[in-house]
Amino acid sequence: MPATMTHQLFAKEVIQSVEETFPLLKEKEHILMLATQGPDPFFFYQTLPWQKAQDSSRIRNIGSFLHHQTTAIQLQKLYDAALTLKDDDVYAYMIGALMHYILDKHVHPYVFSRSGFTNQGTLTKPYNIYHSHMETLIDVALIKEKKVHASQLHPAKNIKLSETILRKIDALYVKAYPDFVQPQDFFKSAKDMYKVYQTLYDGLGFKRTLLRIFLGKKSQAFATSHPRKLKGFERKDVLNLSHIEWRHTETGMSSQEDVIMMIERAKKEMLDILSSIQKQHIDFDSWTKNINYDGLTSEGKHTYHTLMFPLWRVSQ
C-alpha cells in the first residue's frame, strides 16, 4: 500500500492529467479505482472473522510475492498478458496496476521509516498494525490537504466492479502468473476486499467507535478503519508537512520530503510511463531499476527508521 483512498486520489490526478491524450483512462476510471490497489486485494482474502480460512495462506502470499519478487519480471508478465488478451477493460486494469507500483515505491520508504518494522526488517505484529494505521491516517490527512470530499474516494463503493469485469481481471492474473495464481483467486480476493471496507468504513465514524470499544485501538480492524478527522492521539503530522527529517529504511539517507512531494514525483514518473506505453516501448528493467514496491532493491532490507509509532506512547 499506501491505503485505498491515497491510491484512488493518485489515479484520479493522473487520469485528469492525460484526459485528452489518453481518453481510455477516463472512460475506464471505475476500473482504475480497483486497479490502482494493485495486488493488495490478495491480502484481504478471507480476513473477516466469520469467513472460513480455506487456502488463505496461499492466496494472501500471492500479494506478498508480487510486492517483493523481481518487480520488472512480474510487471512485464502482467503487461504482456494484458496485451495478449486484447480487451480495453483488462488493458486499463494493467495501467492502474502500474500506478499502484509507482506510488508504493515512492511513499513506502517514508511509511516504513515512521511506522517501523522488526529487527529482521519484516512486518509482523505490532508493526503490521502500525503500518496500516499510518496509511489510513495518511488517507484522512491527504484528502483534507487536497480539499477532496471523502465520498469521492469511498474505500468500498469505488472498488466494487461487476462480476463480468472481475472475471476478466481474474483471467489476466491467471494468464500472467499461471505457476501460482489459480482461477477465482483474484475474483474472490477483490470481493473480500470490498466486504472488509464495507464492514469497517462509514462516513460518520460510528463503526470505528465500536471497533475501538470492542477490539481496542491496537487492533488491525481499528487501524484499517478511517476516522472522520485526525484528533486526539491520532492528530499527527503524518504527511510530514513540517518537513521533519526521516531516514530511508535501506540506505539510511536523510530526507525532509513530505507526502505531497512524493506523490508529485510519482505522478511525473507515471506520466512518463504512459507516454512509453502509448509508444509501445517500455523497458521494465530500466524503468524499475531493481526497486520493489517497498522502495527497496530486491536484495535490500529495512534497517533504518525514524519512528512516529506507536502513537499512544510516542509524541512528536
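Start by selecting Glu27, Lys28, Asp87, Asp89 and Lys168: these residues are linked in a network of salt bridges. A salt bridge here is a side-chain nitrogen of Lys or Arg within 4 Å of a carboxyl oxygen of Asp or Glu. Side chains of opposite charge can pair when their charged atoms come close. Across the structure there are 19 salt bridges.

Before you click on, a word on what you're looking at. This is a predicted model, where local features need pLDDT of at least 70 and side-chain atom pairs count only at pLDDT 80 or more, while totals for chains, interfaces and linings use all residues. Residues are numbered from 1 along each chain as its sequence is written, and side-chain values use heavy atoms, with hydrogens and water left out.

**Stop 1: helix 6 and helix 8**

Now colour helix 6 (residues 88-115) and helix 8 (residues 163-176). Helices (H or I, at least four residues) and strands (E, at least two) are DSSP runs, numbered from the N terminus. The two helices pack at an angle of about 65°, their axes 10 Å apart. Axes are lines fitted to C-alpha atoms, for helices over the stretch in contact, and angles run from 0 to 180 degrees between N-to-C directions. Which residues make the contact? From helix 6, show Asp89, Val90 and Tyr93; from helix 8, show Ile165, Lys168, Ile169, Leu172 and Tyr173. Contact means heavy atoms within 4.5 Å. By class, this contact has six nonpolar, no polar and two charged residues. For those classes, Ala, Val, Leu, Ile, Met, Phe, Trp, Tyr, Cys and Pro count as nonpolar, Asp, Glu, Lys and Arg as charged, and the others, Gly among them, as polar. You met Asp89 and Lys168 already, in the opening network.

**Stop 2: a pair within helix 8**

Stay on helix 8 and pick glutamate 163 and arginine 167, which lie four residues apart, about one turn of the helix. They form a salt bridge, with the closest N and O atoms 3.6 Å apart. Glutamate 163 is partly exposed, at a relative accessible area of 40%, and arginine 167 also counts as partly exposed, at 40%. The cut-offs: buried means under 20% relative accessible area, exposed over 50%, partly exposed in between (1.4 Å probe, protein chains only).

**Stop 3: glutamate 264 and its partners**

Next, select glutamate 264 and lysine 146, whose side chains meet in a salt bridge (3.9 Å, N to O). Glutamate 264 lies in helix 12 (residues 259-278) and lysine 146 in the loop between helix 7 (127-145) and helix 8, so this pair ties together parts that are 118 residues apart in sequence. Glutamate 264 is partly exposed at 37% relative accessibility, and lysine 146 is partly exposed at 24%.

Then add lysine 267: its side chain meets that of glutamate 264 in a salt bridge (3.1 Å, N to O). Lysine 267 and glutamate 264 are three residues apart in helix 12, so about one helical turn separates them. Buried or exposed: which is lysine 267? Lysine 267 is buried, with a relative accessible area of 13%.

**Stop 4: helix 9**

Jump to helix 9 (residues 185-200) and run your ruler between its end C-alpha atoms: they are 23 Å apart, which agrees with the 22 Å its 16 residues should span at 1.5 Å a residue. Its buried residues include Phe186, Phe187, Met193, Tyr194, Tyr197 and Leu200, as well as Asp185 and Asp192.

**Stop 5: three prolines**

Proline 2 is in the segment before helix 1 (4-17) and is buried, with a relative accessible area of 3%. Leaving aside neighbours within four places in sequence, show its contacts: His7, Asp40, Leu103, Asp104, Val107, His108 and Glu135.

For cis peptide bonds, zoom in on lysine 125 to proline 126, with omega near 10°. Proline 126 is in the loop between helix 6 and helix 7. The bond from phenylalanine 309 to proline 310 is cis too, with omega near -5°, and proline 310 is in the segment after helix 13 (284-288).

**Stop 6: positive phi**

Finish with glutamine 46, in the loop between helix 3 (29-35) and helix 4 (56-68). Its phi is near 50°, a positive value in a residue other than glycine, and glutamine 46 is buried at 14% relative accessible area. Last comes asparagine 240, in the loop between helix 11 (220-224) and strand 1 (246-247). Though not a glycine, asparagine 240 has a positive phi of about 60°, and it is buried, with a relative accessible area of 0%.

Conventions:
Expected span 1.5 Å × (residues − 1).
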